[in-house]
Amino acid sequence: MASGAGSNFEALVRACRQGPLAATVELLVVNRMDCGARGRAERLGVPIQLLDHQLYPSRDDLDRALIAAFQAQGVDLVVMAGWMRIVTPVLIGAFPQRLVNIHPSLLPSFRGLDAVGQALAAGVSLSGCTAHLVAAEVDAGPILVQAAVPVLAVDTRASLAARIQVQEHRILPLAVALAAARLGTSGIEGQQR
Ligand code: GRF
């Protein structure tokens with residue numbers, strides 16, 4: 001699931017195709033066709049489905065459409081790779097322990113929007129990113145993997161976000177493997193249980 005540039009989506013696809021992640025990305029769902037993730041999916045040959053949130057009367061209705069899309073593809077695990085909509089217990093309940101989110105801060109610090117700006121405003125010397133299982137509360141739930149990124153005196157929002165993204169691309173595939181391992185299938189090639 002992606003709403004933005006889709007760099008985490010691409011990192012996941014590459015980890016499946018070139019890296020150690022024993023998985024396939026069956027579907028990309030976007031909520032706006034003008035997002036960068038769409039072009040990446042087209043280049044990578046991953047099927048795309050548009051679920052425009054504006055066409056659904058409630059968050060629950062959008063989540064029900066997401067569930068139908070994923071079930072139609074036989075999806076085991078869902079990744080929110082920059083999905084800029086709040087999800088409800090409807091989606092969380094349909095994929096228990098199988099819904100992963102990536103957030104650009106060391107949770108539980110700096111939940112919500114503009115986490116990088118929040119970290120800069122707070123003057124922390126260390127920030128980073130967190131991949132976690134999704135709970136009903138926004139940017140909360142069991143942590144799977146974190147990576148720390150030093151905040152430099154010269155950092156702007158853009159420079160810090162760029163260094164954090166490098167780490168996001170590294171930890172998101174690891175988090176998917178860990179989530180799979182918690183379900184009893186390792187997700188790492190050669191280590192199937
Ligand atoms: C990432 O920084 C992620 O932490 C946040 O949204 C951003 C998505 O970036 N949830 P991209 O679209 O994967 O490039």
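Q: Is serine 105 buried or exposed in this predicted model?
A: The cut-off for buried is under 20% relative accessible area. Serine 105 has 0% relative accessibility, so this residue counts as buried.

Q: Which residues is serine 105 in contact with, leaving aside its neighbours within four places in sequence?
A: Serine 105 sits in the loop between β4 and α5. With sequence neighbours within four places set aside, its contacts are Phe110, Ala115, Ser127, Gly128, Cys129 and Thr130.

Q: How many residues of β4 are buried?
A: Leu99, Asn101 and His103 point one way from β4, and they are buried. Val100 and Ile102 point the other way and are buried too. The strand is mostly covered, and its buried count is 5 of 5.

Q: Which residue in β4 stands opposite valine 79?
A: Strand β3 (residues 78–80) runs parallel to β4, and 3 bridges join them. Within β4, the residue opposite valine 79 is valine 100.

Q: Through which helix does the chain cross from β3 to β4?
A: The connection is a β-α-β crossover, and it is right-handed. Its helix, residues 89–94, is α4.

Q: Which residue in β5 stands opposite isoleucine 102?
A: β4 also pairs with strand β5 (residues 126–133). That pairing is antiparallel, over 4 bridges. Opposite isoleucine 102 in β5 stands alanine 131.

Q: Where is there space in the largest pocket, and which residues are closest to its centre?
A: The largest pocket holds about 860 Å³ of space. It is lined by 35 residues. The closest to its centre are Gly82, Met84, Ile102, His103 and Pro104.

Q: Which element gives the most residues to the lining of the largest pocket?
A: Elements giving two or more residues are α1 (7–17), β4 (99–103), α5 (115–122) and α6 (157–182). With 5 residues, the top contributor is α6.

Q: How many residues of each class, nonpolar, polar and charged, are in the lining of the largest pocket?
A: Gly counts as polar here. By class, the lining has 19 nonpolar, 10 polar and 6 charged residues.

Q: What is the relative accessible area of isoleucine 48?
A: Isoleucine 48 lies in strand β2 (residues 48–50). Not counting residues up to four places away in sequence, it touches Leu27, Leu28, Val30, Met33, Arg38, Ala41 and Glu42. Isoleucine 48 is still partly exposed, with a relative accessible area of 26%.

Q: What separates the C-alpha atoms of isoleucine 48 and valine 29?
A: The two residues are 19 residues apart along the chain. Their C-alpha atoms are separated by 5.8 Å.

How values were computed: Residues are numbered from 1 along each chain as its sequence is written. This is a predicted model: local features need pLDDT of at least 70, side-chain atom pairs count only at pLDDT 80 or more; totals for chains, interfaces and linings use all residues. Side-chain values use heavy atoms; hydrogens and water are left out. On a 1 Å grid over the protein atoms alone, a cavity is a set of points where a 1.4 Å probe fits but cannot get out, and a pocket is an open set with protein on both sides within 12 Å along at least five of seven lines; lining residues have an atom within 4 Å of a point. Grid points are joined across faces, edges and corners, and a volume is the space filled by probe spheres set on the points. Buried means under 20% relative accessible area, exposed over 50%, partly exposed in between (1.4 Å probe, protein chains only). Two strands pair if DSSP finds at least two bridges between them. A crossover is right-handed if, with the strands pointing away from the viewer, the path from the first strand over the helix to the second runs clockwise. Contact means heavy atoms within 4.5 Å.
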